[in-house]
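Got your viewer open? Load the model, get comfortable with the selection box, and let's take a walk through it.

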Amino acid sequence: MSGNQRIDGKRLWDSLMAMAEIGATPKGGVKRLTLTEVDKAGRDRFRGWCEALGLTVRVDAIGNMFARREGRDPTRKPVLFGSHLDSQPSGGKFDGALGVIAGLEVMRTLHEMEIATEAPLELVNWTDEEGSRFGHSLMGSGVWAGVYAQDKAYGLTDVEGVTVSDALDAIGYKGAHPAAPFPADAYFELHIEQGPILEREGRTIGVVTGAQAQVWWDAVITGQDSHAGTTPPSTRKDALVAASRVIALVDARMREAGEDGRGTVGFLQVIPNSRNVIPGEVRFSVEFRHPDTARIEHLAETFPAEAAAVVAETGCRLNLQELFRFAAQPFDPDCVALVQQAADRLGHASRRIVSGAGHDAVYVARRVPTAMIFTPCKDGLSHNEAESIEPEEAEAGCQVLFEAVLARANRRL
Ligand SMILES: [Zn+2]
């Protein structure tokens with residue numbers, strides 16, 4: 001790689017800020033919910049930027065956008081890269097947008113420097129990564145990879161009863177191309193870490209080796225609501241006391257797994273939630289994550305009975321419904337090595353890291369050799385309007401993306 005093939009950090013940052021104007025919130029964040037008019041505005045701007053470079057933009061049946069730049073060799077499979085432009089209701093400027101806009105900057109740099117690649121390149125904007133409108137995250141990449149049936153996705157509704165199918169039609173992004181995997185040579189995704197590790201260790205680049213295994217449940221504990229002042233201990237069935245024991249159990253099981261363990265109860269509803277009534281029902285979420293699938297499988301099998309036992313001690317009942325279980329998804333060693341080599345060549349402090357969050361790349365990896373690049377974010381904060389990164393970090397991540405994509409697209413077959 002010649003040393004003067006440099007992406008333009010200022011142009012990258014300016015475009016990130018221009019995209020962040022679409023759905024900008026008063027607190028400095030972004031609200032660009034999938035398949036809304038705001039999302040359409042973001043998509044339209046992205047499409048315009050791509051077409052200005054002579055890229056051909058095609059849209060598939062679930063709204064995924066692919067902006068293609070031809071290679072020298074028309075027989076070669078394309079190298080894909082990208083991320084998502086949708087956001088959480090109170091999201092930040094960089095979650096998803098960084099990967100798409102950095103991909104655009106890669107295309108702009110190639111265009112400006114008149115660099116041809118052997119393989120074609122395709123920059124992707126996946127539909128509905130966040131899942132906050134229709135309740136199903138990684139929808140576009142999931143349908144594309146064949147993890148979810150398209151008809152099932154089409155039928156999902158938002159709180160107003162609008163279906164995914166109608167929402168796609170309404171913004172004009174239900175494309176003619178089938179939402180199905182096509183032969184591709186590789187997929188690279190640059191994303192903010194959404195965690196504190198890179199920042200804490202003062203590293204610029206995370207070389208992502210894969211994603212964690214996960215198991216998620218919905219829990220309901222049923223006790224008996226009764227008067228706080230008149231019900232003696234012997235007759236209480238306090239569902240919140242039971243829930244607190246389950247929460248302590250989640251924390252204990254997580255800590256047994258060391259620094260790689262993750263266990264969280266992040267959602268809790270107390271019913272009736274009144275200060276002088278003993279809670280009769282508590283609804284909450286439980287999830288565990290770990291890089292080792294066997295550990296998660298073991299938790300998935302043993303946790304329900306353990307939790308039921310601690311709940312039974314309080315006289316309450318536990319209903320635990322498993323929502324899903326994911327095996328860990330390792331990324332492709334050759335693609336991961338290209339990211340590592342680019343980071344090393346550029347002199348960036350880096351470390352190998354396992355993704356703690358779900359990403360489109362995790363589903364794409366089931367079909368296409370895949371790797372991800374992480375860049376730090378301030379205080380590890382994401383899914384938050386205060387989400388923040390430094391322009392130099394965005395530039396560094398984009399340059400690594402540029403070099404990994406070029407190396408892959410020009411490799412000898
Ligand atoms: Zn994201």
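What follows is a series of stops, each with something to select and a note on what is there.

Before you click, know that this is a predicted model, where local features need pLDDT of at least 70, side-chain atom pairs count only at pLDDT 80 or more, and totals for chains, interfaces and linings use all residues. Residues are numbered from 1 along each chain as its sequence is written, and side-chain values use heavy atoms, with hydrogens and water left out.

**Stop 1: helices α2 and α3**

Select residues 37–52, which are helix α2, and residues 97–112, which are helix α3. Helices here are DSSP runs of H or I with at least four residues, strands are runs of E with at least two, and both are numbered from the N terminus. The axes of α2 and α3 come within 10 Å and cross at roughly 15°. Axes are lines fitted to C-alpha atoms, for helices over the stretch in contact, and angles run from 0 to 180 degrees between N-to-C directions. That crossing is why α2 and α3 are roughly parallel to each other. As for the labels, angles under 35 degrees count as roughly parallel, over 145 as roughly antiparallel, 65 to 115 as roughly perpendicular and the rest as oblique.

Now show the side chains of F46, W49 and C50 on α2 and of V100, I101, L104 and R108 on α3, which make the contact (heavy atoms within 4.5 Å). Those residues divide into six nonpolar, no polar and one charged. In this sorting, Ala, Val, Leu, Ile, Met, Phe, Trp, Tyr, Cys and Pro count as nonpolar, Asp, Glu, Lys and Arg as charged, and the others, Gly among them, as polar.

**Stop 2: bring in helix α1**

Add residues 9–20, helix α1. How do the axes of α1 and α2 cross? They come within 10 Å and cross at roughly 150°, so α1 and α2 are roughly antiparallel to each other. Light up S15, A18 and M19 of α1 with G42, R45, F46 and W49 of α2 to see the contact. Its residues divide into four nonpolar, two polar and one charged.

Turn to α1 and α3: their axes also come within 10 Å, but cross at roughly 135°, so this pair is oblique. Here R11, L12, S15, L16 and M19 in α1 meet A97, L98, I101, A102, E105, R108, T109 and E112 in α3. Those residues divide into seven nonpolar, two polar and four charged.

Stay on T109 for a moment. With 1% relative accessibility, T109 counts as buried (buried means under 20% relative accessible area, exposed over 50%, partly exposed in between, with a 1.4 Å probe and protein chains only). Leaving aside neighbours within four places in sequence, T109 is in contact with R6, I7, D8, R11 and F402.

**Stop 3: the aromatic rings**

How many aromatic pairs does the structure hold? There are 13. Rings of Phe, Tyr and Trp (its six-membered ring) pair if their centres lie within 6.5 Å; planes under 30 degrees apart count as stacked, over 60 as edge-to-face and the rest as tilted.

Select W217 and F288: their ring centres are 6.2 Å apart and their planes sit at 90°, so the pair is edge-to-face. W217 belongs to strand β7 (residues 213–222) and F288 to strand β12 (residues 281–290), 71 residues apart. Add F303: the F288 and F303 rings have centres 5.2 Å apart and planes at 75°, so they are edge-to-face. F303 is in helix α9 (residues 293–312), 15 residues from F288. Both F288 and F303 are buried, and W217 is buried as well.

For a ring cluster, select F66, W126, W144, F182 and Y187, which are linked by ring pairs.

**Stop 4: A404**

Jump to A404 in helix α12 (residues 391–409). Its relative accessibility is 0%, so A404 counts as buried. A404 and V339 are 65 residues apart in sequence, yet 5.5 Å apart in space, C-alpha to C-alpha.

**Stop 5: backbone oddities**

Most residues other than glycine have a negative phi, and most peptide bonds are trans. Now zoom in on I271 and P272, joined by a cis peptide bond with omega about 5°. P272 lies in the loop between β10 (268–271) and β11 (277–278).

Finish with L35, in the loop between α1 and α2. The phi of L35 is positive, near 60°. Q194 also has a positive phi, about 65°, although it is not a glycine.
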